[in-house]
Amino acid sequence: MEQWQHILKKSLIKPQQFSEEFGLDTDKLAQVMTEYPARINPYFLRLIKEKDDPIYRQVVPDEQEINDYVGVDDPLNEEGGSPVPSVVHRYEDRALLMVTHQCPVYCRFCTRKRFVGKEPISREMVRKGINYIREHDEIKDVILSGGDPLILKDREIEEILKALREIPHLEVIRIGTRVPGALPQRVTKKLCSMLKKYHPLYVNINFIHPREITDEVAVACGRLADAGIPLGSQTVLLKGINDDPETIKELMQKLLAIRVKPYYLYQADLTRGTEHLRTPVECGLNIIKALQGRISGMAIPKFVIDLPGGGGKIPLLPPDFVMEINENEVIARNHNDTVYRYPQPDAEKVSCD
Ligand SMILES: *Cc1c(COP(=O)(O)O)cnc(C)c1O
Ligand code: SF4
């Protein structure tokens, strides 16, 4: 067994272990955890400094999860967009391929709470998903997801990547993962030298709070980047965890410094069991407004909402910057509240379809 597998094996997973570690009521924990499994591996556990801190709230089960009458099990209607059980095909040229139901920790805010840690995804289901992708030549980009793909063994990941690379119409493979930030020991040199055989490969990593950027995480991301893999981040805005400009600013700057390019900042989905963590949309808009012009443009993610029912992602922009666009000019306000005018080209000479 590799070192990371030993670490994972020592995770807290039982209600009894959680009540001993955090002084919580075992029966209440058991009620939540039958509905939504929990796991905190010893590496991530060490990041918790005190009860209710931003790391604690991400992974310690909360009674409010089973008293949510707003959220729904499958807020993005992924099942409706699923031609075979392991694939979600919502956009013409891209598809998600779910390869496992396991993760390095079980995030309380997870959009796939309905199945992570519960309903296994079999190798047969993955094989059928790969067949679907092979039969659909409009798919150019596959995103390995789950669960967390990097929780699989090297051999299992390679089997999937190899099968995908044999599909001629497939151009880009992406992996969506929380492993580099939640179990960085798993990002071994061996894993990286295997991954680099399957380029163009992109890895998008889930990061929530600046305290997750440790020395171990910097090493893990450095290894992936040295293997030529462009790294992006995905962050969900969560109430009482990261919902203020200072925290997001620090996170984004730290990510850029470990070679991770901020990609998406998500408005939380309407997932059952997560209502207590949802922020108003204005909160994200204020954060983007606070970052624009104040930190490196490289460090500013796109703020998006994944529309309920499977509408897909759309960008949300603070309304303050563009005041008016007409045929003569754009009237805009910059980050210092100064108004500028950008003249349009002569309308008779130029047109834009
Ligand atoms: C988010 C998502 C994608 C990828 O979207 P990008 O904007 O290209 O990153 C693809 N398919 C589904 C179903 C998704 O939810
Ligand atoms: S690692 Fe990803 S899939 Fe797994 S519980 Fe966290 S958010 Fe959900």
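Helices here are DSSP runs of H or I with at least four residues, numbered from the N terminus. With that in hand, the second largest pocket of this predicted model is a handy place to start, since the helices do a lot of its lining: helix 6 gives the largest share, six residues. Besides helix 6 (123–135), the elements that put two or more residues into this lining are helix 1 (3–9) and helix 7 (154–165). The volume of the second largest pocket comes to about 540 Å³. A total of 24 residues line the second largest pocket, and those nearest its centre are Val99, Arg123, Leu152, Lys153 and Glu156. Sorted by class, the lining of the second largest pocket splits into 11 nonpolar, six polar and seven charged residues.

Now for the largest pocket, where strands take over. Its volume is about 1,100 Å³. Out of 46 lining residues, Thr111, Arg112, Ser145, Gln234 and Tyr266 sit closest to the centre of the largest pocket. Two or more lining residues come from each of strand 1, strand 2, strand 3 (141–145), strand 4 (172–177), strand 5 (201–206), strand 6 (231–236) and strand 7. As for chemistry, the lining of the largest pocket holds 22 nonpolar, 13 polar and 11 charged residues. The largest pocket is also where the ligands turn up: it is the space taken by ligand 1, and ligand 2 occupies it too.

Ligand 1 has a shell made up of Val88, Arg90, Tyr91, Arg94, Leu96, Ile143, Arg174, Tyr263, Tyr264 and Lys313. In terms of class, that shell has six nonpolar and four charged residues, with no polar ones. At least two shell residues apiece come from strand 1 (87–91), strand 2 (94–98) and strand 7 (260–266). Strand 1 makes the largest contribution to the shell around ligand 1, at three residues.

Some of the charged side chains in this shell reach the oxygen atoms of ligand 1. For Arg94, an N or O atom of the side chain is 2.8 Å from a ligand 1 oxygen. Arg174 likewise has a polar side-chain atom 2.8 Å from an oxygen of ligand 1. With Lys313, the distance between a polar side-chain atom and an oxygen atom of ligand 1 is 3.1 Å. On its own, ligand 1 would expose 390 Å², and 89% of that is buried by the protein.

Ligand 2 has its own set of neighbours, namely Cys103, Val105, Tyr106, Cys107, Cys110, Gly147, Arg178 and Asn206. By class, five residues in the shell around ligand 2 are nonpolar, two are polar and one is charged.

That leaves the enclosed space. One cavity of 30 Å³ or more was counted, and the volume of the largest cavity is about 40 Å³. The residues lining the largest cavity are Tyr36, Pro37, Tyr106, Cys107, Arg108, Lys113 and Val116. Two of these names have already come up, as Tyr106 and Cys107 are listed both around ligand 2 and in the lining of the largest cavity. The cavity lining consists of five nonpolar and two charged residues, and no polar residues.

Note on methods:
Residues numbered from 1 in each chain as written. Chains lettered and ligands numbered in written order. Predicted model: local features only at pLDDT ≥ 70, side-chain atom pairs only at ≥ 80, totals over all residues. Heavy atoms only, no water. Near = heavy atom within 4 Å. Polar contact = N/O pair within 3.5 Å; in protein donor to acceptor, adjacent residues only side chain to side chain. Areas by Shrake-Rupley, 256 points an atom, 1.4 Å probe, with all protein chains shown as cover. 1 Å grid on protein atoms, 1.4 Å probe; cavity = no way out; pocket = protein on both sides within 12 Å on 5 of 7 lines; lining within 4 Å. Sits in = over half its atoms within 2 Å of the grid points. Nonpolar A, V, L, I, M, F, W, Y, C, P; charged D, E, K, R; others polar. Points joined across faces, edges and corners; volume = space filled by probe spheres on them.
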